[in-house]
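Open your viewer, switch to a cartoon view and keep the selection box handy. We will go from stop to stop, with something to select at each one.

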Amino acid sequence: MYPFKTIRILRYEVGLLFRDGEFRGLLGAGRHWFFDPLRKVRVEVVSQRAPWLMHDQLDVIVKSGALAGRAEVVDLKDHQRALVWIDGRFSHLLPPGLYAYWTGAKQVRIELLDVTAARFVHPAFPVIARSPNAAHTLDLCTVDRNHVGVVYQQGEYAETLPPGQYAWWRGVGDAKVVEIDLREQTLDVAGQELMTADKVTLRMNAVVTYRVVDARQSVSVADGATQSLYREAQLALRAVVAARELDSFLTDKDAVTSEFESAVRRRAEQLGLAVVSVGVRDIILPGDMKDLMNKVTEAKKAAEANLIVRREETAAMRSQANTARLLADNPTLMRLRELEALERIAAGGKLNVMLGEKGLADRVVNLL
């Protein structure tokens, strides 16, 4: 067996020398000869072009002091994280642990961060968030446009965030973000079976338009502000209808809508919501009630029509009576009316005058 061993190391490489499994030092560029008849010498050649030195005995290598001046060593505690920049470009994030980076071939900058504040804030945040390993160290969250994010840390309210991208350190602070839509939303209260004060059952559909005005309150007061508002609208609609008889309800629907809106608006304010509008969309009566109401309406219309006819007949008779009294008190007017009648008759065709007894003939002659 040949007792000598030769190792060639290029100028951008470093050799890790081990003897009997223990680290003994670094080897620079060049050719190295070892007398090793028992095969106890081992050299691991690593490239400095990949600046991150990863080794299962890194702690031993660091403690030996062999990396002084050749690599930057960082030992991150539990409350620390690090950003690694290589040749002026962001590379990756480091969780707690021991790390070493060669400084010969590439420019390496390590930025230490204290994670006592769970939320991660940095001027280069967009670049860092896009890095492949960011999700291993950070909890990333995006608040969409027209939304806000209500942040809880350790179960306590922390802040309300506008639209944008945010991040929190994993394992620190136990942060939770609840995203709230600030746009107007419509709530359909459909198919409600309601009973009026006179025991008539009907179905109603209502619609409530609302928006969130206090995101923190909408999350904190109830487990689901929309569902709570829906239940409140159901109860309010039932209470308003139950307090009225059917006729009153149908003739004063504006008052019903106003009372319904007032009840819903009060509850919405407690939930951090603002009611934009409330409306009763459909009122559906049972089939037999529809027929009965149609008959009632038909009877009412018939009675109204009969009343109008009688009123007109009475007015006509009153007018005729007044005319008769006027003609009786003024004989000249009577003669004028008779002459007008004869004129109309004469204008319509040939006038034949039939004279009978002497008294009638004299009267006609007198008229002419």
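**Stop 1: Arg-337.** Select Arg-337 and show its side chain. With a relative accessible area of 45%, Arg-337 is partly exposed, because that class lies between the 20% and 50% cut-offs. This arginine belongs to helix α9, which covers residues 331-347. Now add Thr-323 and Leu-327 to the selection: leaving aside residues up to four places away in sequence, these are what Arg-337 touches. Draw a distance between the C-alpha atoms of Arg-337 and Leu-327, and you should read 9.0 Å for a pair ten residues apart along the chain.

**Stop 2: the whole protein.** Zoom out for a moment, and keep in mind that this is a predicted model. The cartoon contains ten helices and 18 strands. Of the 368 residues, 33% are buried. If you compute the accessible surface, expect about 22,900 Å², with 52% of that area belonging to carbon and sulfur atoms. A contact map is worth a look too: among contacts between residues at least 6 apart in sequence, 65% join residues at least 24 apart.

**Stop 3: Trp-169.** Next, select Trp-169, which sits in strand β14 (residues 164-169). Is this tryptophan buried or exposed? Its relative accessibility is 3%, so Trp-169 counts as buried. Show what surrounds it: beyond residues up to four places away in sequence, Trp-169 touches Arg-81, Leu-93, Leu-113, Val-115, Ala-117, Ala-118, Phe-120, Thr-137 and Leu-138. Pick Leu-138 from that group for a distance check. Trp-169 and Leu-138 are 31 residues apart in sequence, yet their C-alpha atoms are 4.7 Å apart in space.

**Stop 4: the β13-β12-β15 sheet.** Colour β13, β12 and β15, and you have an open sheet of three strands in that order, with antiparallel pairing. Strands β13 (156-161) and β15 (175-181) stand at the edges with a single partner strand each, so one side of each has no neighbour in the sheet. From one strand to the next, the twist averages 25°. Strand β12, residues 147-153, pairs with β15 in the antiparallel sense over seven bridges. To find one of these pairings on screen, select Gln-153 and its bridge partner in β15, Ala-175.

**Stop 5: the β3-β2-β5 sheet.** Move to β3, β2 and β5, which form an open three-stranded sheet in that order, again antiparallel. Here β3 (22-27) and β5 (41-47) are the edge strands, each pairing on one side only. The twist averages 25° from one strand to the next. Seven bridges join β2 (residues 13-19) to β5 in the antiparallel sense. For a pair to highlight, take Arg-19 and its bridge partner in β5, Val-41.

**Stop 6: two positive phi values.** As background for a Ramachandran plot, most residues other than glycine have a negative phi. Select Arg-39, in the loop between β4 (30-35) and β5. Its phi is near 55°, a positive value in a residue other than glycine. Arg-39 counts as exposed, because its relative accessibility is 53%. Then jump to Asp-87, in the loop between β7 (80-86) and β8 (89-94). Asp-87 also has a positive phi, about 55°, although it is not a glycine. At 32% relative accessibility, Asp-87 counts as partly exposed.

**Stop 7: helix α7.** Select residues 253-270 to bring up α7, an 18-residue helix. From first C-alpha to last, α7 reaches 26 Å, close to the 26 Å expected at 1.5 Å a residue. Which residues of α7 are buried? They are Val-256, Thr-257, Phe-260, Ala-263, Val-264 and Ala-268. Look down the helix axis: these buried residues fall within an arc of 135°, so they line one face of α7. On the other side of α7, Asp-254, Arg-266 and Glu-269 are exposed. Just after the helix, Gly-272 takes a positive phi of about 80°.

**Stop 8: helix α5.** Finish with residues 225-242, helix α5. This helix has 18 residues and spans 26 Å from its first C-alpha to its last, close to the 26 Å expected. Show the side chains of Ala-225, Ser-228, Leu-229, Ala-233, Ala-236, Leu-237, Val-240 and Val-241, which are buried in α5.

Technical notes
Residues are numbered from 1 along each chain as its sequence is written. This is a predicted model: local features need pLDDT of at least 70, side-chain atom pairs count only at pLDDT 80 or more; totals for chains, interfaces and linings use all residues. Side-chain values use heavy atoms; hydrogens and water are left out. Two strands pair if DSSP finds at least two bridges between them. Helices (H or I, at least four residues) and strands (E, at least two) are DSSP runs, numbered from the N terminus. Axes are lines fitted to C-alpha atoms, for helices over the stretch in contact, and angles run from 0 to 180 degrees between N-to-C directions. The expected span of a helix is 1.5 Å times one less than its number of residues. Buried means under 20% relative accessible area, exposed over 50%, partly exposed in between (1.4 Å probe, protein chains only). Contact means heavy atoms within 4.5 Å. Accessible areas come from the Shrake-Rupley method with a 1.4 Å probe; for residues, only the protein chains shown count as cover. The arc is that of the directions from the helix axis to the C-beta atoms.
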